[in-house]
Amino acid sequence: MTTLSPENSISARRSASFILGLHPLVRTEAWKFLTGYYSWQSSQDERLTVDSTRRKNYKALCQMYEKIQPLLENLHRNFIETRNNIAYDIQKLYDKDPLGNILIDKKKLEKILLLSYVCNTQAEYQQGFHEMVMLFQLMVEHDHETFWLFQFFLQKTEHSCVINIGVGKNLDMLNNLINFLDPMFAEHLTSGWHPASLPTEGKGAGAVQSLFPWFCLCFQRAFKSFDDVWRLWEVLLTGKPCRNFQVLVAYSLLQMVSGQVLQESMTGDAILLACNNLIDLDADELISAACLVYAELIQKDVPQPLQDFFL
């Protein structure tokens, strides 16, 4: 790698993390590069400076939040409702490992989620964020690292897990992909996400748009371990083999049940149940399946909307 130009060296590192995955011992540090927390070209001294700056900025945001909290409580009804939703969601989290040891600090998690809600106007709190941020808290040691890694993850993945930004687009493109690659299966499904759109007739009407939790949680509940979740998320961060790889992942998941759906002529509710039963999956197998879909896609005369989205 030392013989490569800086640009090609960076590309090689990202490709390596995509192809091979990250070893658990280096995951915490490597994620700071993958998310943009650190620059790939930075020196160790520069990284120490960046981390110190991010720590100070996080502390300043916490102080700001404490000052404006009474104002938010008095003037913004959504703030109190959101705070209650966050507290309720966190309370439901199971925070112990199989031996009964505490895994996470729920108070710190609540603070990070509230701060993210107040500071990140693009990504309002939604159910599921508490589970995602929990994984960041498990990965790193300090609160400021958890907060910034979550913010950078959202940016790096183009807010694809945010309901009012990326989820609707993902579902639209998933429908387009099904129509293009699997017309027979598409006949079972509708293609509309927005309420104003008119659904096509099909026995599986409404199934695809009901799969929004896949995208909201970045498929977190489909895997058998946190390592598998991190493995997929690392691929999404590399941008390899294409942009918006999450839709190819969702298509691959649907292909796991499509044969059963067609054979049993399932309705929308039955399709959704079959999809929800896709759990304890292996990340590498799912990633490989999605890569095969990508390989199939690039060999075809792809419609322009799909080209713009993936290629």
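The largest pocket in this predicted model has a volume of about 300 Å³. Of the 13 residues lining that pocket, Asn78, Phe79, Thr82, Tyr117 and Glu124 sit closest to its centre. Two elements, helix H4 (77-92) and H5, each give two or more residues to the lining, and H4 supplies the largest share, with 5 residues. Sorted by class, the pocket lining comes out at 5 nonpolar, 6 polar and 2 charged residues.

There is also some enclosed space to report. Searching the whole structure turns up 1 cavity of 30 Å³ or more, and the volume of this largest cavity is about 40 Å³. Its walls are made by Leu113, Ser116, Tyr117, Ala123, Glu124, Tyr125, Phe129 and Phe150. Helix H5, which covers residues 106-119, gives the most to this lining, namely 3 residues. The class count for the cavity is 6 nonpolar, 1 polar and 1 charged. Tyr117 and Glu124 turn up in the cavity lining and are also listed among the residues closest to the centre of the largest pocket.

Stepping back to the whole chain, the secondary structure amounts to 15 helices and 0 strands. Of the 311 residues, 49% are buried. Among contacts with a separation of 6 or more, 69% join residues that are 24 or more positions apart. The chain exposes about 16,000 Å² of accessible surface, with carbon and sulfur atoms accounting for 52% of that area.

Now for the aromatic rings. A pair of aromatic rings is described by the distance of the centres and the angle of the planes. The whole structure holds 20 aromatic pairs. In one of them, the ring centres of Trp31 and Phe136 are 5.6 Å apart and the planes make an angle of 80°, which is over the 60 degrees needed, so the pair counts as edge-to-face. This pair links distant parts of the chain, since Trp31 belongs to helix H2 (residues 24-35) and Phe136 to helix H6 (residues 129-139), 105 residues apart. Both Trp31 and Phe136 are buried.

Trp31 has another ring partner in Phe153, this time in a stacked arrangement, with 6.0 Å from centre to centre and 20° between the planes. Because Trp31 lies in helix H2 and Phe153 in helix H7 (residues 143-156), the pair ties together parts of the chain that are 122 residues apart in sequence. As for cover, Trp31 has a relative accessible area of 0% and is therefore buried. Phe153 is buried too, again with a relative accessible area of 0%.

Elsewhere, ring pairs join Phe33, Tyr37, Tyr38, Trp40, Tyr58, Phe147, Trp148 and Phe152 into a cluster. One member, Trp40, is placed in the loop between H2 and helix H3 (44-75). The relative accessibility of Trp40 is 16%, under the 20% cut-off, so this loop residue counts as buried. Looking back along the chain, Trp40 and Ala30 are 10 residues apart, and their C-alpha atoms are separated by 9.9 Å.

A few spots in the backbone deserve a closer look. Most residues other than glycine have a negative phi, and most peptide bonds are trans. Against that background, the bond from Lys240 to Pro241 is a cis peptide, with omega near -5°. Pro241 is found in the loop that runs between helix H11 (226-238) and helix H12 (245-264).

The other backbone oddities concern phi. Glu158 is not a glycine, yet has a positive phi of about 55°. This residue lies in the loop between H7 and helix H8 (163-181). With a relative accessible area of 42%, which falls between the 20% and 50% limits, Glu158 is classed as partly exposed. His159, likewise not a glycine, also has a positive phi of about 55°, and its place is in the loop between H7 and H8. Here the cover is another matter: His159 has a relative accessibility of 8%, so it counts as buried, whereas Glu158 is partly exposed.

Conventions:
Residues are numbered from 1 along each chain as its sequence is written. This is a predicted model: local features need pLDDT of at least 70, side-chain atom pairs count only at pLDDT 80 or more; totals for chains, interfaces and linings use all residues. Side-chain values use heavy atoms; hydrogens and water are left out. Helices (H or I, at least four residues) and strands (E, at least two) are DSSP runs, numbered from the N terminus. Buried means under 20% relative accessible area, exposed over 50%, partly exposed in between (1.4 Å probe, protein chains only). Contact means heavy atoms within 4.5 Å. Accessible areas come from the Shrake-Rupley method with a 1.4 Å probe; for residues, only the protein chains shown count as cover. On a 1 Å grid over the protein atoms alone, a cavity is a set of points where a 1.4 Å probe fits but cannot get out, and a pocket is an open set with protein on both sides within 12 Å along at least five of seven lines; lining residues have an atom within 4 Å of a point. Grid points are joined across faces, edges and corners, and a volume is the space filled by probe spheres set on the points. Ala, Val, Leu, Ile, Met, Phe, Trp, Tyr, Cys and Pro count as nonpolar, Asp, Glu, Lys and Arg as charged, and the others, Gly among them, as polar. Rings of Phe, Tyr and Trp (its six-membered ring) pair if their centres lie within 6.5 Å; planes under 30 degrees apart count as stacked, over 60 as edge-to-face and the rest as tilted.
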